[in-house]
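Let's take a walk through this one together, starting from a single side chain and working outward. Have the viewer open and follow along.

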Amino acid sequence: MSVSSSSGQPANGARPFWRWLALALLVVVLDQLSKQWILQHYRWGEFTPVTQFFNIVRAHNTGAAFSFLAGQGGWQRWFFVAIAALAALFILWQLRAHGQQRLASAALALILGGAIGNVIDRIAHGYVVDFLDFHWRGAHFPAFNVADMAITLGVVGVLLAEWLRWRQERAAR
């Protein structure tokens with residue numbers, strides 16, 4: 001039987017840690033299912049207009065965000081895998097240590113799930129499968145995917161959690 005804290009949570013923080021891992025896993029599953037659907041139904045470059053400003057497209061990104069380092073001959077594939085692995089280890093450590101902090105932990109879990117989703121692509125294909133294409137008057141925002149959305153929401157969540165923590169500390173002074 002585990003010892004509980006006054007909040008009813010296990011004293012060792014195991015329950016929150018597993019909750020955040022489950023959220024990360026959900027992101028990975030949704031990301032990979034959506035990418036598999038795109039791979040099965042679209043050829044590279046093929047697209048379907050959905051609205052006047054949004055297409056579903058099959059795009060391959062060998063780089064990072066906004067195709068950073070995309071044309072570098074292949075070394076960047078393993079570089080990005082290594083960075084994601086280090087980030088995942090750091091996030092797991094943070095979730096283990098601070099899993100009771102809901103907003104920050106949920107945000108980190110989203111980042112973790114997104115990073116793992118894109119790493120799976122890099123290892124399996126050598127590129128990340130992107131398929132959400134927003135455009136306006138001929139200008140296209142770089143295509144992205146579910147993992148990218150999770151990472152972006154996670155970063156916003158981390159910034160918001162830190163801002164709220166800063167405000168709370170400031171008010172306590």
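Start at F134, which is partly exposed, with a relative accessible area of 32%. Keep in mind that you're looking at a predicted model. F134 belongs to strand β3, while a second phenylalanine, F144, sits in the loop between β4 and α4 (146-172). How far apart are the ring centres of F134 and F144, and at what angle do their planes lie? The centres are 5.9 Å apart and the planes make an angle of 15 degrees; planes under 30 degrees apart count as stacked, so this pair is stacked. Since F134 is in β3 and F144 in that loop, the pair ties together parts that are ten residues apart in sequence. F144 has a relative accessibility of 17%, and with the cut-off for buried at under 20%, F144 counts as buried.

These two rings have company. F53, F54, F134, F141 and F144 make up one aromatic cluster, and the model has seven aromatic pairs in total. Rings also meet charges here: the charged end of R96 sits over the ring of F17, 4.7 Å from the ring centre. R19 does something similar with W20, its charged end sitting over the ring at 5.8 Å from the centre.

Now zoom out from F134 to the strand that carries it. Is β3 enclosed or open to the outside? Seven of its nine residues are buried, so β3 is largely enclosed by the rest of the structure. The sheet it belongs to is open, with four strands in the order β1-β2-β3-β4 and antiparallel pairing. At its edges are β1 (47-49) and β4 (139-140), each of which pairs on one side only. As a reminder, strands of a sheet pair through backbone hydrogen bonds, either parallel or antiparallel.

Go across the sheet strand by strand. β1 pairs with β2 (residues 54-61) over three bridges, in the antiparallel sense, and you'll find T48 standing opposite I56 of β2. Next, β2 and β3 run antiparallel and are joined by six bridges; one to look for puts N61 together with V128 in β3. Finally, two bridges join β3 to β4, again antiparallel, with W136 partnered by A139 in β4. β3 and β4 form a hairpin with two residues between them, and R137 in the turn has a positive phi of about 50 degrees.

What lies across the sheet? That's helix α3 (residues 102-125), which lies across β2 and β3 (128-136) and runs at about 120 degrees to β3.

Stay with β3 a little longer, because the record has something to say about one of its residues: the unreviewed UniProt entry gives the annotation "active site" to D130 and D148. The two span 19 residues in sequence, yet their C-alpha atoms are no more than 8.9 Å apart, so they gather at one spot. D130 is placed in strand β3, and at 3% relative accessibility D130 counts as buried. Leaving aside residues up to four places away in sequence, D130 touches V57, R58, A59, N61, A143, F144, N145 and D148. Notice F144 in that list: this is the ring that stacks with F134.

D148 is placed in helix α4. Is D148 buried or partly exposed? At 21% relative accessibility, D148 counts as partly exposed. With residues up to four places away in sequence again left out, D148 touches N118 and D130.

The same kind of record also offers a wider view. UniProt, in an unreviewed entry, places "transmembrane region" at residues 75-95, 102-120 and 140-164. You can compare two of these stretches with the model. Residues 102-120 are 100% helix and 0% strand, with the end C-alpha atoms 27 Å apart. For residues 140-164 the figures are 76% helix and 4% strand, and the end C-alpha atoms are 34 Å apart.

Step back to the whole chain to finish. There are four helices and four strands, running α-β-β-α-α-β-β-α from the N terminus on. Of the 173 residues, 38% are buried. Among contacts between residues at least 6 apart in sequence, 62% join residues at least 24 apart.

Key
Residues are numbered from 1 along each chain as its sequence is written. This is a predicted model: local features need pLDDT of at least 70, side-chain atom pairs count only at pLDDT 80 or more; totals for chains, interfaces and linings use all residues. Side-chain values use heavy atoms; hydrogens and water are left out. Two strands pair if DSSP finds at least two bridges between them. Contact means heavy atoms within 4.5 Å. Axes are lines fitted to C-alpha atoms, for helices over the stretch in contact, and angles run from 0 to 180 degrees between N-to-C directions. Rings of Phe, Tyr and Trp (its six-membered ring) pair if their centres lie within 6.5 Å; planes under 30 degrees apart count as stacked, over 60 as edge-to-face and the rest as tilted. Buried means under 20% relative accessible area, exposed over 50%, partly exposed in between (1.4 Å probe, protein chains only). A charge sits over a ring if NZ of Lys or CZ of Arg is within 6 Å of the ring centre and within 35 degrees of the ring normal. UniProt positions are given in the numbering used here, feature names are shortened, and annotations may be inferred rather than shown by experiment.
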